[in-house]
Amino acid sequence: MRRLLRAAWPRSMAGRLGVSLAAGLLLLWVLSAISASLVVVREMNEVFDSILSEHAQIMLPDLMRRYGGELDGVGPHPVVITDATPHDEYITWRLYAADGRLMMRSHGAAEAPPPPVGFTTIAGARLYSEPSTDGRYVITLAEPPDHRLHTIRPTLVRLLAPLLALVLAALVLVPLAVRRGFAPVRSLQAEIERRGGANLDPLPIGHLPAELASIGDDVNQLLQRLRQALEAERSFSANAAHELRTPVAAGLAQAQLLAAHLPPDGHARREAEELAASLGRLGARLEKLLQLARAEAGVAQRRERVDLMMALDLLVEEFRARPGVGTRLRLDDGGLAELPVLADLDALAIALRNLIENALRHGSPESAVEVAVTAEGVVRVTNAGPVVPPERLAILHRRFVSYGGKGSGLGLSIVHTIAEQLGAGLALHSPARGRSDGFEAELTLARATAQERGLTRPS
Amino acid sequence: MRILLVEDDPALGRAVREHLTLAGHAVDLVGSRADAEAALRAPGHCLVLLDVGLPDGNGLDVLRALRDRGDWRPVIVLTARDQISDRIEGLKAGADDYLVKPFDLGELLARVQAVTRRAGTHPDRAFRAGEVVLDLEDRRASVAGEEVTLTAREWAILERLLQRPGAAVSREQIEEAIYRYGAEVESNAVEVYISRIRRKLGPGLIDTLRGVGYRARA
């Protein structure tokens, strides 16, 4: 039963308020109906009783005066008093002698032994008996059964029916009023639902009632802090990139220049070239650390509708321009003109860039690296090369774990972090599927539909 | 070739200048947006190497201003900004190429040569790509010797793309070029005209750069 009640208990605040108010009103009505009935019944009983006793007191001396002489001669049969016109009696009466003999009765009264003096109720009929002052006679007045009920019932109905109508009207109006009253809550809820991802705009709170305005205010403060944190992270990454990359670029350029000025085949030349190579590696490591910092700051949590094909086109073009890559990198776009996915463009590009970079670095130098896209939003980056043992494959996404000691060991960990934030699936296969060797990374992205709300094309 | 190098880091600027000089180019080095704009008012430089983060402004604004006045000198953006959205912004602003710091001086030189080669392919306003021959002066086009008729708007688009072969031209810029021939431009007009041109001249002439625009294959 309790479980049933719990299941029926509404989950929404409006529903709970509506049910509570309705139940409260009904309960109040029932209580007031009961107490009003009790009061009315008691008061009316008093009035009716008083009528009975007053009548008895008036009738007894009157009867004795009128029939005093005849009463002494009454035999075993009582005198029955009838009126000229027949009628129903609301009150019947009986007159007894002190020894209990029935002396007289009204025509509606039954013949019955005398009841005790005072008020009694016998078989639903209300009776009142009073002795005469000389003690020779006792008069009994009786109200027929249900007489009072017939009088009290319409009174109670007239008293309580309007109240019941009021309660029923309230049961209809309460849910309407509650629904109306909760409209600002629903609009606030809808506004909050619209937030997230690309939309961190403040909630409009000007029209909200005071209680909700403070919640809206708090949510706005949180949104602002989130926005600031994301913006700070983005600008930090951009600034850090600028502040760190430029000096490394200067160092690398100068080291290369120095090497160019030194006589070839000399020791100093080799040293300068080694310095340039080190600075080049520093630059690459720096790029990875900045990417990791961005990924861990949660920049990939932003959602917008971006074209996966555009990102891949630009990345493939960028890689092909690098020395030694060119046509080694192949893009199979599956004949798709565009492929909208829900992601943060920059984060998505970082993930794809790392997958392609890994494939180019770890794949056999002369073999092709294939980037294939399907209409379902799956990107597969495949390279030829030695098979990665399963135990190694399982931990490749951890930080500073690299295969064969090449690279920083951060690439796949960055991809893993970004994929988690994008809600994308990342699967690693070695050997690549459909081959006996190589490595395949598969990234499954959430496809965007045309109806995605609040999303903008970055182009 | 005379190159304008806009780079505010003196050490990097000097090293790049010296390397390019060793390769036989004349390089003017400036370190601010104001100096870059002053230098670009004159037509002396054939190529610009442009840093984005300048102390007095954004290098991309310099590039946009240059393109807005119809100056199509090749520009390679050199920048510490490595995000793909930065790259898209750079290409949309009218950059011919985009190189992220730190870069290899040898690669920079290769890019300079590639961009220069692309920019110099149509000195007499005649253009040849495989079997397609276009004469922009006389507005004549032929594929494998067969004359092909193009409409005024199709020529407008081709002219716009061939101003800088190999460089991206945004949809908006192409729309603007069509506008000059009057009438309304439907929202998908660019795609329609490009596909007509491809039908007439073959699919190999114009590349689609998704999210950026189009370019004539250099």
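## Strands, turns and helices in chains A and B

Tutor: This is a predicted model. Start in chain B: helix α8 (residues 189-201) lies across β13 and β14 of chain B. Relative to β13(B), the helix runs at about 145°.

Student: In which order do the 3 strands of the open sheet in chain B stand?

Tutor: The pairing in this open sheet is antiparallel. Its edge strands are β12 (169-170) and β13 (206-209) of chain B, each pairing on one side only. That leaves β14 in the middle of the order, which reads β12-β14-β13.

Student: Which residue of β14(B) stands opposite B:Ser170?

Tutor: β12(B) pairs with strand β14 (residues 213-216) of chain B in the antiparallel sense, over 2 bridges. Opposite B:Ser170 in β14(B) we find B:Gly213.

Student: Now chain A. How many helices and strands has chain A?

Tutor: Chain A has 459 residues, and 41% of them count as buried. Its accessible surface comes to about 25,000 Å², with 59% of that belonging to carbon and sulfur atoms. As for the elements, the count is 10 helices and 13 strands.

Student: Why is strand β5 of chain A largely enclosed by the rest of the structure?

Tutor: A residue is buried when its relative accessible area is under 20%. Strand β5 covers residues 125-131 of chain A. It is largely enclosed because the buried ones among its 7 residues number 5.

Student: Which residue of β5(A) does A:Ile122 stand opposite?

Tutor: Strand β4 (residues 118-122) of chain A joins β5(A) through 5 bridges. The two strands run antiparallel. They form a hairpin with 2 residues between them. Across from A:Ile122, in β5(A), is A:Ala125.

Student: What value does phi of A:Ala123 take, and is this residue buried or exposed?

Tutor: A:Ala123 sits in the loop between β4 and β5 of chain A. Its relative accessible area is 72%, so it is exposed. Its phi is positive, in a residue other than glycine, with a value near 50°.

Student: What is the usual sign of phi?

Tutor: Glycine is set aside here. For most other residues, phi is negative.

Student: Where else in chain A is there a positive phi in a residue other than glycine, such as that of A:Asp265?

Tutor: A:Asp265 has a phi near 70°. With a relative accessible area of 73%, A:Asp265 is exposed. Its place is the loop between α5 (210-261) and α6 (267-296) of chain A.

Student: Back to β5(A). Which residue of β6(A) is the bridge partner of A:Tyr128?

Tutor: Strand β6 (residues 137-143) of chain A runs antiparallel to β5(A), and 6 bridges join them. In this hairpin 5 residues lie between the strands, and A:Gly135 takes a positive phi near 80°. The partner of A:Tyr128 in β6(A) is A:Leu141.

Student: Which strands stand at the edges of the sheet β8-β10-β11-β13-β12 of chain A?

Tutor: This is an open sheet of 5 strands with mixed pairing. Each edge strand has a single partner, so one side of each is left without a neighbour in the sheet; these strands are β8 (329-332) and β12 (425-429) of chain A.

Student: How much does this sheet twist from one strand to the next?

Tutor: The value is an average. From one strand to the next, the twist is 15°.

Student: Which residue of β13(A) pairs with A:Arg380?

Tutor: Strands β11 (residues 378-383) and β13 (residues 439-444) of chain A run antiparallel, with 6 bridges joining them. The bridge partner of A:Arg380 in β13(A) is A:Glu442.

Student: What angle does helix α7 of chain A make with β8(A)?

Tutor: Helix α7 (residues 308-320) packs on the sheet. It touches β8, β10 (369-373) and β11 of chain A. Its direction and that of β8(A) make about 165°.

Student: And what angle does helix α8 of chain A make with β11(A)?

Tutor: Helix α8 (residues 345-362) of chain A packs on the sheet too. It touches β8, β10, β11 and β13 of chain A. With the direction of β11(A), its direction makes about 20°.

Student: Which peptide bond leading to A:Pro431 is cis?

Tutor: A:Pro431 lies in the loop between β12 and β13 of chain A. Omega is near 0° for the cis bond, which runs from A:Ser430 to A:Pro431.

Conventions
Residues numbered from 1 in each chain as written. Chains lettered and ligands numbered in written order. Predicted model: local features only at pLDDT ≥ 70, side-chain atom pairs only at ≥ 80, totals over all residues. Heavy atoms only, no water. Buried < 20%, exposed > 50% of the residue type's maximum accessible area, 1.4 Å probe, protein only. Helix = DSSP H or I, 4+ residues; strand = E, 2+ residues; numbered from the N terminus. Pairing = 2+ DSSP bridges. Axes fitted to C-alpha atoms, helices over the stretch in contact; angles between N-to-C directions. Contact = heavy atoms within 4.5 Å. Areas by Shrake-Rupley, 256 points an atom, 1.4 Å probe, with all protein chains shown as cover.
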